[in-house]
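Let us take a friendly walk through this structure, one place at a time. Please keep the sequence and the 3D view open as you read.

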Amino acid sequence: MASAKPRCSSFATTSRTHMRPSEGTIDDSFLTETKNTQNRKLSQKRKTLSCQFSIGGQLSPWPTYTSGQTILHNRKPCSYDYRKRAGSWQKQPLGITKPRYLEQLENYLRKELLLLDLSTDSTQELRLQPYREIFEFFIEDFKTYKPLLSSIKNAYEVMLAHQREKIRALEPLKAKLITVNEDCNERILAMRAEERYEISMLKREKMNLLKLIDKKNEEKISLQSEVSKLRKNLAEEYLRYLSERDARKILIADLNELRYQREDMSLAQSPGIWGEDPVKLTLALKMTRQDLTRTQMELNTMKANFGDVVPRRDFEMQEKTNKDLQEQLDSLRSDYEEVCKEHEILLQLHMTTLKERDRFHSELQEIQRTSTPRPDWSKCEDVVAGGPDRWQMLAEGKNSDQLVDVLLEEIGEGLLREKDFFPGLGYGEAIPPFLRFDGIVENKKPTKKDVVNLLKDVWKQRLLEEQKEKFPDFFFSFLEHRFGPGEAMAWAYTIFENIKLFRSNEVMSQFYAVLMGKRSESVYIKQKETVAQLLKEMTNADSQNEGLITMENLSTVLKSTFPFKKEEKIQELMEAGGWHPNSSSADLLNYRSLFIEDEEGQSMPFVQKLWEQYMDEKDEYLEELKQELGLELDDEVTLPKVREALMNIDPSLDKRTLNGYLSWAFQLPMTELPEEGEEKEEGIVVQLKIALQRLQMTDIRRMGSREQEPAS
């Protein structure tokens, strides 16, 4: 008995030494070899211990009522064996010790645990080894329960291996989490530095504005002082001119007095006058006095009328000076008013800037609190099947949201391939008719190319028929006709899961939207007709039938096919077709390559841009309709108002197309729509939001310019 224990201890020590690699991790091949060696040695050890630990080939019956650790028996108290054992236990003396087998196992376990090296990373793995050996001894000794105990041991071993694999898989995620945390901290620091820089720039701009305001105030004060100085000069000039007027009047009076005196002296000194006839002289004197009186009266009249009059030359000079001053005053006043307005605008701009700064600061804090850092998409190169080349092809020209869809599709595709069956969704009313089934259905696991070709066949068959039945029913009928009634449901579930997953694929996404009732068939059909018409126009422009047209011909075809597109939209289509700003109008273009599809149904950038413009134009059209109605989304709108708004924004709508739009918006058959003028204001109503959503589902587009007169 003493010789067996050292062999067990040396074996356990050796196994633990081999299970600790230098790097602290456990190699799978090494573990497998070590376990095989352990199993061989355990088998030898069991043979030895089975002979040493048992007494006469039988286990020692150690009762449960003795001191120390107890062994619980899973037996019903009401059973006969339980009563028999209970009676026998009551008869046993209380001084019975533990069985020798149990004591040896406990001593062996205690020694093995003491020999463990607890300083390594694999301590917990090594601690299980002694317990595993003890459990192996039990399995070998209890022959009857060996299968059950072996299955229990195997189940635990499988679970431990699974947990080990999980831990090993989560170790890179821990490093990735640390890296992401560091990136977030760096971004936060960068955003804070940028915020401090913006605040300093705003403060500097504020100081500049305050300096400008002070400068304008100083200019205003100087102008006011200049105006007061000019007023003072004007008053002085006015007083000087009044003094000159009075002096002029006095001078004129003195000159007249001197003239009269000189005339009297000349008459007195003239010797020939006294020889004249007195009657004649008397008459001449009388006439002279009359002339003098008249002249005096005229002089008085002129003095009365023109006493305050200044000379025209002085008046014109003063008038010109006054006019110049008035213009200067008006200019200064207008400049002052403009400066005041600019000052108010700057104050308002300053207040607005402060509010925006506070708002941006709060938004920044909210973003810093809630947002996640921009992902590094280059990490997906080593994960996606196909390596960096395929990931570059998948990620080309896509934003983060689209890249997330691509990554989800790649992950979902792998999970979809692993599924062998789909659970049935039942027969509920919310379940589409083609998916109503109880039980499990087989996953046919077709390739993406097979699914796309099958969907194209569905559309071809749909266009050949009269489209009397609903599209989901037609889809299931097509599957029954193609694969038979027994396989139709399996193919329906398989195709549905594929088109629901691959949203970035044009054919699958459009088919899913039509199948689930999110879009009308007319949208797909009209788009295909538009592409076919465009190809036909380009073929007609190709006079040599070589598959080549000039860029000028491409522009002409686009403008004739889409007469209501703006010039920038035409430019976008030409750029998608291969036109560049430095290319000339005579450059040739292989127009047939614009309409090629790859094996998965993906169109060329030209057709994709055509679809994007169609969706944008539809959104603009519906937004214009909403603006014309002047209502909120939660408000209700009547059929006459929608009819009137549609005719206002698109006068070229014919009656049939208009009724088609109204039929979709209000979910009424075209035969039940009231005629124009017969509607009642309180008649058919619907919520504006619902009406716009319904119109978004159908093919709605502008038929003419808004200024055009409505068609008769």
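A salt bridge, as the term is used here, is a side-chain nitrogen of Lys or Arg within 4 Å of a carboxyl oxygen of Asp or Glu. Side chains of opposite charge can pair when their charged atoms come close. Keep in mind that the model you are looking at is a predicted one. Searching the whole structure for such pairs gives 26 salt bridges.

Start with Lys528, which pairs with Glu597 in a salt bridge whose closest N and O atoms are 3.6 Å apart. Lys528 sits in helix H15 (residues 521–541), while Glu597 belongs to the loop between strand E4 (588–590) and helix H18 (605–629), so this pair ties together parts that are 69 residues apart in sequence. Both partners are partly exposed: Lys528 has a relative accessibility of 38%, and Glu597 has 29%.

Elsewhere, salt bridges with shared partners join Glu140, Lys143 and Lys146 into one network. Within this group, Lys146 bridges to Glu140, with 3.6 Å between the closest N and O atoms. Lys146 is partly exposed, its relative accessible area being 30%.

Another pair to find is Glu363 with Arg359, a salt bridge in which the closest N and O atoms are 3.1 Å apart. These two residues are four apart in helix H8 (residues 312–370), so about one helical turn separates them. Glu363 is partly exposed at 34% relative accessible area, and Arg359 is also partly exposed, at 39%.

Now turn from charged pairs to a nonpolar patch on the surface, formed by Tyr145, Leu148, Ile152 and Tyr156. Together these residues offer about 440 Å² of accessible area. One of them, Tyr156, lies in helix H6 (residues 146–269) and counts as exposed because its relative accessibility is 57%, over the 50% cut-off.

Another tyrosine gives a contrast. Is Tyr108 buried or exposed? With a relative accessibility of 4%, Tyr108 counts as buried. You will find Tyr108 in helix H4 (residues 100–114). Its C-alpha atom is 8.4 Å from that of Pro130, although the two residues are 22 apart along the chain.

Next, look for enclosed space. Rolling a probe the size of a water molecule over the atoms shows where empty space is left. Counting cavities of 30 Å³ or more gives one, and the largest cavity holds about 60 Å³ of space. Its lining consists of Glu413, Leu416, Arg417, Asn443, Lys445, Pro446, Thr447, Lys448, Asn498 and Phe502. Helix H10 (residues 400–418) supplies the largest share of this lining, three residues. Sorted by class, the lining has three nonpolar, three polar and four charged residues.

One of those lining residues, Lys445, is worth a second look for its backbone. Most residues other than glycine have a negative phi, and most peptide bonds are trans. In Lys445, however, phi is positive, near 50 degrees. Lys445 belongs to the loop between strand E2 (440–442) and helix H11 (448–464), and is partly exposed at 34% relative accessibility.

Which value does phi take in Asn545? There phi is near 55 degrees, again a positive value in a residue other than glycine. Asn545 is in the loop between H15 and strand E3 (548–550), and with 54% relative accessibility Asn545 counts as exposed.

Methods
Residues are numbered from 1 along each chain as its sequence is written. This is a predicted model: local features need pLDDT of at least 70, side-chain atom pairs count only at pLDDT 80 or more; totals for chains, interfaces and linings use all residues. Side-chain values use heavy atoms; hydrogens and water are left out. Patches are made of residues with over 30% relative accessible area and no salt bridge: like charges are joined within 9 Å, nonpolar side chains (Val, Leu, Ile, Met, Phe, Trp, Tyr) within 5 Å. Accessible areas come from the Shrake-Rupley method with a 1.4 Å probe; for residues, only the protein chains shown count as cover. Buried means under 20% relative accessible area, exposed over 50%, partly exposed in between (1.4 Å probe, protein chains only). On a 1 Å grid over the protein atoms alone, a cavity is a set of points where a 1.4 Å probe fits but cannot get out, and a pocket is an open set with protein on both sides within 12 Å along at least five of seven lines; lining residues have an atom within 4 Å of a point. Grid points are joined across faces, edges and corners, and a volume is the space filled by probe spheres set on the points. Ala, Val, Leu, Ile, Met, Phe, Trp, Tyr, Cys and Pro count as nonpolar, Asp, Glu, Lys and Arg as charged, and the others, Gly among them, as polar.
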